[in-house]
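Trainee: I'd like to go through the charged pairs in this one. Can we take it step by step?

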Amino acid sequence: MSRTPQSTPKSTEDRFLGRRISPLTRRRLHNFRANRRGFWSLWIFLVIFVVALFAEFVANDKPFLAYYDGELYAPIFKDYPETAFGGDFETAADYRDPVVAAKINARGWMIWPLVRYHHRTVAWDLPVPAPSPPDAEHWLGTDDQARDVVARLIYGFRISVLFGFVLTVISAAIGVTAGAIQGYFGGWIDLVFQRFMEIWSGLPTLYLLIIMASVVEPNFWWLLGLLLMFTWMGFVGVVRAEFLRARNFDYVRAARALGVSDLTIMYRHVLPNALVATITFMPFTLAGSVTMLTSLDFLGIGLPPGSASLGEILAQGKANLQAYWLGLTAFFTIAIMLSLLIFIGEAVRDALDPRKLFAGEPAPAEEAVTLQPGAAPKADLEGAE
């Protein structure tokens, strides 16, 4: 009795984020999920980062909505004069002012964020001198300028992670390009690039930052540009080694014989193999970038004074040893953040490691088996024997 071939149904696991993936990619995702520590670290980090990304909606000294005299206002998006709420001045309304708050509550209401302080807001009504210890109003206390530590922690986490992300992505783009050119063409191009990198990496980065801080006031983009001048070299080595190894492979030679341009060979044939090592390296570079900004802020040559920064909170903890909550808050925040990034990096490294790719339990596969026309199932062949 013959069986008619049946078409294989499309497996839902063949898609990731709406795009079709290869069985190899599915296996890598399975290995990443199998690393429970790295998998849950990724989710925890994403939740914290998303919350910090919308810091204005979590910690702010302005309410989401204000209803006054039959009209709705959105102070978190737009500044309104005090006269709009029955005040006497044309300046922007201070919603924490007891007089303004009493006028609004008398004829309306306000919806506040979870933390009623911006990272620059000064709490003038502290019961003790600043820095004040944690209480019901300030969950992690205040710093030496009477600013809420929770608010500064949320904003500082956001700027640190964004700085690390931008620095890592741009450094990876420059480093991959430089390493690809060096490794693919070799010869004098590789030799000149390597000598240039040896000289360039010998420049004292910290001294350059100190000199810059004495000439201009450092800001986000100044620090990013200066650190970018040196960070990209960390990606060159792994990409260059991959291109040096792959440029003499048979498929590359065949592509050259067919007249394929060097740019197409580099981009479509060799680069996908080099990206495995690059992606593995990126989480560790991100952790290093965040640590670098934190260190500069701790030394006082990072972001401008008054900016929310984890390093600045750590420096305040050092300057105010009696305010133990400052040092402990910064320490545990930095330790948890870096631990999560390291765990994610380890999981990515294991997922992309060729030696571990097919180790352990197999990835979930499709139940149906595609048969060639005229071929019998394996069970039928064994029964016939």
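Mentor: Sure, and one term comes up all the time: buried means under 20% relative accessible area, exposed means over 50%, and partly exposed is in between. Keep in mind that this is a predicted model.

Trainee: Then let's use that on Glu-242: is it buried or exposed?

Mentor: Glu-242 has 15% relative accessibility. The cut-off for buried is under 20%. So Glu-242 counts as buried.

Trainee: Which side chain meets Glu-242 in a salt bridge?

Mentor: Look along helix H8 (residues 233-246), three residues on, about one turn of the helix. The partner there is partly exposed, with a relative accessible area of 47%. N to O, the pair comes to 2.5 Å, and the partner is Arg-245.

Trainee: How many salt bridges does a search of the whole structure find?

Mentor: The Arg-245 and Glu-242 pair is one salt bridge, and Glu-56 with Arg-158 is another. Searching the whole structure gives a total of 12.

Trainee: How many residues apart in sequence are the parts that Glu-56 and Arg-158 tie together?

Mentor: The closest N and O atoms of this pair are 2.9 Å apart. Glu-56 lies in the loop between helix H2 (36-53) and strand S3 (65-68), while Arg-158 is in helix H4 (residues 149-185). The salt bridge therefore ties together parts whose separation in sequence is 102 residues.

Trainee: And of those two, what does Arg-158 count as, buried or exposed?

Mentor: Glu-56, at 29% relative accessibility, counts as partly exposed. Arg-158 comes in at 16%, and the cut-off is under 20%. So Arg-158 counts as buried.

Trainee: Which residue forms a salt bridge with Asp-143?

Mentor: Asp-143 is buried at 2% relative accessibility. Its partner is buried too, with a relative accessible area of 1%. Their closest N and O atoms are 3.7 Å apart, and the partner is Arg-152.

Trainee: What about Asp-297: how far away is the nearest side chain of opposite charge?

Mentor: Asp-297 lies in helix H10 (residues 262-299). Beyond its neighbours within four places in sequence, Asp-297 is in contact with several residues, including Gly-302, Ser-309 and Glu-312. Asp-297 is buried yet has no salt bridge, and the nearest side chain of opposite charge is Arg-152, at 9.1 Å.

Technical notes
Residues numbered from 1 in each chain as written. Predicted model: local features only at pLDDT ≥ 70, side-chain atom pairs only at ≥ 80, totals over all residues. Heavy atoms only, no water. Salt bridge = Lys/Arg side-chain N within 4 Å of Asp/Glu carboxyl O. Helix = DSSP H or I, 4+ residues; strand = E, 2+ residues; numbered from the N terminus. Buried < 20%, exposed > 50% of the residue type's maximum accessible area, 1.4 Å probe, protein only. Lys, Arg positive; Asp, Glu negative; His and termini not counted. Contact = heavy atoms within 4.5 Å.
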